[in-house]
2 protein chains.
Amino acid sequence: MKQAILARSDLGMTPGKLAAQVAHASLSAYLKSDSKTQKIWKRDGQTKIVLKAPNQNVLFEFKKIAEENKIPAVIIKDAGRTQLEPGTITTLGIGPAEDSLLDEIVCDLSLY
Amino acid sequence: MKQAILARSDLGMTPGKLAAQVAHASLSAYLKSDSKTQKIWKRDGQTKIVLKAPNQNVLFEFKKIAEENKIPAVIIKDAGRTQLEPGTITTLGIGPAEDSLLDEIVCDLSLY
């Protein structure tokens, strides 16, 4: 099992800002998962991949696809205290889900 | 309340690799916290700061300081499937904890 986190590459986020938004998406999608999935994913080392989304529409598209496949997915908006405008959509957390299913969904995206 | 995640700046991690390791530390420290702290932190928007640690010894030093202050702290080792040697220590998640206490502990570190 693994998680995919999609992050916008069009916002000019610093590495630290990106990391905080990815962590927010990862935790939020984890919390939306069922406890059996949570347990298996943690036991197997919490595998995560971080992928580039060129704009916010891509995040909404992949959220829809994930949910059609019954995978929990959470969009994150930044609180806007620092680098970004308040309410800026930054990341999408998907899963944990089965590797093969998740790979099929996100196969066209590049690693961040 | 907030979380601090310290990440090594001497490993040459890509932004995506860094983000995945920070997310791992964030979730692991969250899971080590008591449920009241978890609830307050989530209600207040899961604030996180990502800070630079120049080497792995700094991670161990801050883990010790955090634990002396009764704040949960978790060191993350990379599974080493991709960019790093297996077992490389990458990040330290601290908290959630009170803003003022955490700021005092990490005030000498720079934002990532």
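## Working through a predicted two-chain model

At 0% relative accessibility, B:Leu59 counts as buried. Keep in mind as you go that this is a predicted model.

**Exercise 1. Find where B:Leu59 sits and work out which residues surround it.**

*Solution.*
- Step 1: Start with the secondary structure. B:Leu59 belongs to helix 3 of chain B, which covers residues 56-68.
- Step 2: Check the burial. The cut-off for buried is under 20% relative accessible area, and B:Leu59 has 0%, so it counts as buried.
- Step 3: Skip the neighbours within four places in sequence and list what is left. B:Leu59 then touches B:Leu6, B:Arg8, B:Ala53, B:Ile75, B:Ile89, B:Thr90, B:Thr91 and B:Leu92.
- Step 4: Take one of these partners, B:Ile89. Along the sequence, B:Leu59 and B:Ile89 are 30 residues apart, while their C-alpha atoms are 8.7 Å apart in space.

**Exercise 2. Decide how helix 1 of chain A and helix 1 of chain B are arranged, and which residues make the contact.**

*Solution.*
- Step 1: Get the geometry. Helix 1 of chain A (residues 15-31) packs against helix 1 of chain B (residues 15-32) at about 50°, and the axes are 8 Å apart.
- Step 2: Name the arrangement. Given that angle, the two helices are therefore oblique to each other.
- Step 3: Add the handedness. Helix 1 of chain A passes helix 1 of chain B in a right-handed crossing.
- Step 4: Pick out the contact residues. Chain A's helix 1 brings A:Pro15, A:Leu18, A:Ala19, A:Val22, A:Ala23, A:Ser26, A:Leu27, A:Tyr30 and A:Leu31, and chain B's helix 1 brings B:Pro15, B:Leu18, B:Ala19, B:Val22, B:Ala23, B:Ser26, B:Leu27, B:Tyr30 and B:Leu31.
- Step 5: Sort them by class. You get 16 nonpolar, two polar and no charged residues.

**Exercise 3. Work out what relation links chain A to chain B.**

*Solution.*
- Step 1: Lay chain A on chain B. A turn of 180° with a shift of 0.0 Å along the axis does it, at an RMSD of 0.0 Å.
- Step 2: Name that relation: a two-fold axis.
- Step 3: Look at the interface. Of chain A's interface residues, 100% are also interface residues in chain B, so the copies meet through the same surface.

**Exercise 4. Now stay inside chain A and describe how helix 1 packs on helix 2.**

*Solution.*
- Step 1: Helix 2 of chain A spans residues 35-43, and helix 1 packs on it at about 135°, with axes 9 Å apart.
- Step 2: These two helices are therefore oblique to each other.
- Step 3: A:Ser26, A:Tyr30 and A:Leu31 of helix 1 meet A:Gln38, A:Trp41 and A:Lys42 of helix 2.
- Step 4: By class, that contact has three nonpolar, two polar and one charged residues.

Notes. Residues are numbered from 1 along each chain as its sequence is written. Chains are lettered from A and ligands numbered from 1 in the order in which they are written. This is a predicted model: local features need pLDDT of at least 70, side-chain atom pairs count only at pLDDT 80 or more; totals for chains, interfaces and linings use all residues. Side-chain values use heavy atoms; hydrogens and water are left out. Axes are lines fitted to C-alpha atoms, for helices over the stretch in contact, and angles run from 0 to 180 degrees between N-to-C directions. Helices (H or I, at least four residues) and strands (E, at least two) are DSSP runs, numbered from the N terminus. Angles under 35 degrees count as roughly parallel, over 145 as roughly antiparallel, 65 to 115 as roughly perpendicular and the rest as oblique. A crossing is left-handed if the near helix is turned anticlockwise from the far one by less than a right angle, and right-handed if clockwise. Contact means heavy atoms within 4.5 Å. Ala, Val, Leu, Ile, Met, Phe, Trp, Tyr, Cys and Pro count as nonpolar, Asp, Glu, Lys and Arg as charged, and the others, Gly among them, as polar. Copies are superposed by least squares on the C-alpha atoms of residues with pLDDT of at least 70 in both. Buried means under 20% relative accessible area, exposed over 50%, partly exposed in between (1.4 Å probe, protein chains only).
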